[in-house]
Amino acid sequence: MAYNTSRARLSPPASPAAPRPRKRGRSPSAAVWCASSDYVAPFEPRRRWQNPAWHGRAPQTRVPSRQWIVADEASTSGGDACTIMSYNILADTHAGNHPELYLHVPWDAMRWDSRRRLILREIGQWDSDLVCLQEVDKLRGISEDMQKRGYKCSFKRRTWDAEDGCATFWKSGRLRLLEEDSIEFSEFNLWNNVAQILVFELSGSQKFVLGNIHVLFSPKRGDIKLGQIRMLLEKANALAEKWDGIPIVLAGDFNCTPDSALYKFLSTMKLDISLHDRRQLSGGLDNSEFGFYELSRWSAAEVRNATGYSNGMVARHPLKLSSSYAILKGNSSNRGDHGEPLATSFHKKFLGTVDYLWYTRGLECSRVLDTLPLSALRRTRGLPTREMGSDHLPIVAEFVFTERTQDDSEQEDESEEEDESEQDDESEQDYDSAQKATTSKHIYFSDSDD
């Protein structure tokens with residue numbers, strides 16, 4: 001607008017104001033902006049992620065290097081070894097829909113282009129033969145880079161209106177895909193999660209089944225979570241039997257802690273759900289907010305979700321599983337009472353372990369990539385950071401194939417019968433006491449059913 005000189009001449013002269021004392025250093029407005037806790041950054045529509053808790057650049061946190069934990073008597077045999085990674089990479093849509101989980105993360109560390117670069121760097125650093133990813137909603141940006149590194153890809157999107165899913169990558173020079181299957185749990189009224197089940201041949205000789213799953217998060221729906229895990233194990237076993245009893249590896253985010261009933265189900269082949277509340281099957285969930293639950297009744301639909309039968313209160317599965325990290329004990333500062341890592345995931349409401357690599361007979365775990373100490377994770381104030389691209393840590397294990405003899409098979413059959421007998425006679429009180437002793441190791445808070 002042009003300046004109106006004529007109007008300015010008609011205005012009475014203003015009385016001279018007393019000069020205000022000037023302060024050295026920052027202006028008053030700048031001091032208030034930096035110190036005020038009520039300041040909210042202006043919204044910029046072009047910026048997808050904004051965190052008003054961060055003003056300017058965040059302090060850099062040095063992340064210690066991760067070390068391999070090697071078995072004492074690892075029977076590695078060259079080409080028969082296969083390394084497998086499981087990695088929940090935090091879907092960009094989930095990060096945008098749940099900003100309350102990342103209040104201590106600077107906005108630039110939440111940008112997908114930055115996180116994608118860090119995720120791909122992490123994958124490339126460990127150079128695994130197989131990479132099982134969860135929460136993949138930007139597949140093209142990942143798969144194009146992985147293809148240049150010699151990987152092929154299989155992707156399964158979650159059903160309904162979800163944008164993310166599970167993706168499995170394998171080195172085409174070492175592995176050949178023999179058969180591919182998947183589970184859409186929505187077909188069985190078990191929510192919209194999915195799982196991948198694939199059969200691979202390693203170096204033209206050894207065959208094995210690989211499962212990749214992201215189990216439902218909701219702590220209150222333990223019946224659905226147990227049903228998803230049970231169905232994965234049953235279908236993986238059926239596919240392994242189809243290929244003459246080949247071994248199995250199961251990777252993924254199982255959304256349960258090592259002190260949970262779901263972990264007990266995986267490791268002991270059975271679970272009597274009548275002794276548990278469905279809201280507590282995932283571990284020490286919601287205890288900080290609601291205290292301990294009174295045992296609630298299971299409806300017929302919930303029993304059917306969990307066990308597969310409306311009138312059966314015991315869920316069972318046919319696989320004798322071992323956890324790769326629990327088998328190879330790492331640094332005591334990184335491991336809990338079960339031998340599992342103390343934490344594979346960290347954000348505002350959770351610090352604990354939910355990611356696992358399980359395997360069956362016919363394989364041995366020769367080494368695992370140890371996780372980070374809790375002290376190092378706490379210094380970050382929450383993941384992701386400018387050095388780590390997800391709120392989960394990738395877990396990596398190397399497996400070698402073992403030769404089975406007739407004597408070994410007979411011993412395993414006898415061992416299975418003894419284990420089943422012991423499981424029928426075991427006391428749940430021992431498990432409850434162990435659960436209370438380890439609950440403090442995993443901090444899990446949630447007020448979301450999503």
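Rings of Phe, Tyr and Trp, the last taken by its six-membered ring, are treated as a pair if their centres lie within 6.5 Å. In this predicted model, the count by that rule comes to ten aromatic pairs.

One of them joins Trp-68 and Trp-126, whose ring centres are 6.1 Å apart and whose planes stand at 85°, and because planes over 60 degrees apart count as edge-to-face, this pair is edge-to-face. The pair links distant parts of the chain, for Trp-68 belongs to strand S1 (residues 68–70) and Trp-126 to helix H5, with their positions 58 residues apart in the numbering. Trp-68 is partly exposed, at a relative accessible area of 26%, whereas Trp-126 counts as buried at 14%. A second pair is formed by Tyr-263 and Tyr-356, whose ring centres are 5.5 Å apart and whose planes meet at 55°, so that it is classed as tilted. This pair, too, links distant parts of the chain: Tyr-263 is in helix H8 (residues 261–268) and Tyr-356 in strand S15 (residues 355–359), 93 residues apart. Tyr-263 is buried, with 7% relative accessibility, and Tyr-356 is buried as well, with 1%.

Other aromatic residues are grouped, since Trp-170, Phe-200, Phe-208 and Phe-401 form one aromatic cluster. Trp-68 has a further partner in Arg-367, whose charged end sits over the Trp-68 ring, 4.0 Å from the ring centre.

Helix H5, which carries Trp-126, covers residues 112–126 and has 15 residues. From its first C-alpha to its last, H5 reaches 21 Å, close to the 21 Å expected at 1.5 Å a residue. The buried residues of H5 include Trp-112, Arg-115, Leu-118, Glu-122 and Trp-126. After H5 comes Asp-127, whose phi is positive, near 50°.

Attention now turns to Gln-196, which has its place in strand S7 (residues 194–202). How large is the relative accessible area of Gln-196, and is the residue buried or exposed? The value is 2%, and because buried means under 20%, Gln-196 counts as buried. Leaving aside neighbours within four places in sequence, Gln-196 is in contact with several residues, among them Ser-154, Phe-155, Cys-166, Asp-181, Leu-210 and Asn-212. The C-alpha atom of Asn-212, a residue 16 places away along the chain, is separated from that of Gln-196 by 5.0 Å. Thr-168 is also among the contacts of Gln-196, and the side chains of these two residues are joined by a polar contact of 2.8 Å.

Two loop residues have a positive phi although neither is a glycine, and the table sets out their backbone angles and locations.

| Residue | Phi | Location |
|---|---|---|
| Trp-160 | about 60° | loop between strand S4 (151–157) and strand S5 (165–171) |
| Ser-203 | near 55° | loop between S7 and strand S8 (206–214) |

Trp-160 counts as exposed at 55% relative accessibility, while Ser-203, at 42%, counts as partly exposed. Ser-203 lies in the loop that comes between S7 and S8, and S7 is the strand that holds Gln-196.

Another backbone feature is found at Pro-384, where the peptide bond from Leu-383 is cis, with omega near 0°. Pro-384 has its place in the loop between helix H12 (374–380) and strand S17 (395–401).

Notes: Residues numbered from 1 in each chain as written. Predicted model: local features only at pLDDT ≥ 70, side-chain atom pairs only at ≥ 80, totals over all residues. Heavy atoms only, no water. Helix = DSSP H or I, 4+ residues; strand = E, 2+ residues; numbered from the N terminus. Buried < 20%, exposed > 50% of the residue type's maximum accessible area, 1.4 Å probe, protein only. Contact = heavy atoms within 4.5 Å. Polar contact = N/O pair within 3.5 Å; in protein donor to acceptor, adjacent residues only side chain to side chain. Expected span 1.5 Å × (residues − 1). Phe/Tyr/Trp six-rings, centres within 6.5 Å; stacked < 30°, edge-to-face > 60°. Lys NZ or Arg CZ within 6 Å of the ring centre and 35° of its normal.
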